[in-house]
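Please take a moment to look at the sequence and the 3D structure shown here, and keep both in view while you read.

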Amino acid sequence: MFPFIEDVRKSIADYEFKIRDKNERKKSSEDNRGNVNTSPEIVHVTMSFGATNPAIQHEAFGKVIKRADALLYKAKEDGRNKVVVEESSF
């Protein structure tokens with residue numbers, strides 16, 4: 001029901017974040033950003049998501065958030081870097 005969440009999760013996981021040494025970064029101008037001569041460390045970040053819809057019209061916002069939070073923890077327990085959707089609420 002929420003295919004865009006999987007697309008976001010995958011885009012984040014596939015992105016290469018560059019970690020640079022702050023001491024080697026040139027501070028003279030914005031033009032020097034990215035021109036460090038040392039090889040930056042590359043890291044990947046993963047995210048987990050829990051997704052749900054209000055099961056009942058006018059359901060309290062707090063109940064919806066509580067369900068989504070439980071789904072997020074299920075995604076983490078199942079190995080992280082996942083999207084868990086509450087199918088029964090659709």
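The paragraphs below go from the whole chain to one helix, and then to two residues.

The model you are looking at is predicted, and it contains two helices and four strands. If you follow the chain from its N terminus, these elements come in the order α-β-β-β-α-β. The protein has 90 residues, of which 20% count as buried, and its accessible surface comes to about 7,200 Å², with 52% of that surface belonging to carbon and sulfur atoms. Among the contacts between residues at least 6 apart in sequence, 62% join residues that are at least 24 apart.

Let us turn to helix H1, which covers residues 3–14. Its 12 residues should span 16 Å at 1.5 Å a residue, and the C-alpha atoms at its two ends are 17 Å apart, which agrees with that expectation. Which residues of H1 are buried? They are Ile5, Arg9 and Ala13, and when you look down the axis of H1, these buried residues fall within an arc of 70 degrees, so they line one face of the helix. The general reason is that an α-helix has 3.6 residues a turn, so residues three or four places apart point the same way. On the other side of H1, by contrast, Pro3, Phe4 and Asp7 are exposed. The cover over the buried residues of H1 includes strand E3, residues 49–51, and strand E4, residues 83–85.

Strand E3 is also where you will find Gly50. Is Gly50 buried, exposed or partly exposed? With a relative accessible area of 25%, Gly50 is partly exposed, because buried would require a value under 20% and exposed a value over 50%. Leaving aside residues up to four places away in sequence, Gly50 touches Ala68, Leu71, Leu72 and Val84. Lys82 is 32 residues away from Gly50 along the chain, yet the C-alpha atoms of these two residues are separated by 8.5 Å.

Finally, move to Met47, which lies in the loop between strand E2, residues 41–43, and strand E3. Met47 has a relative accessibility of 34% and therefore counts as partly exposed. On the surface of the protein, Met47 joins Tyr15, Phe17 and Val45 in making a nonpolar patch of about 340 Å².

Conventions: Residues are numbered from 1 along each chain as its sequence is written. This is a predicted model: local features need pLDDT of at least 70, side-chain atom pairs count only at pLDDT 80 or more; totals for chains, interfaces and linings use all residues. Side-chain values use heavy atoms; hydrogens and water are left out. Buried means under 20% relative accessible area, exposed over 50%, partly exposed in between (1.4 Å probe, protein chains only). Contact means heavy atoms within 4.5 Å. Accessible areas come from the Shrake-Rupley method with a 1.4 Å probe; for residues, only the protein chains shown count as cover. The expected span of a helix is 1.5 Å times one less than its number of residues. The arc is that of the directions from the helix axis to the C-beta atoms. Patches are made of residues with over 30% relative accessible area and no salt bridge: like charges are joined within 9 Å, nonpolar side chains (Val, Leu, Ile, Met, Phe, Trp, Tyr) within 5 Å. A salt bridge is a side-chain nitrogen of Lys or Arg within 4 Å of a carboxyl oxygen of Asp or Glu.
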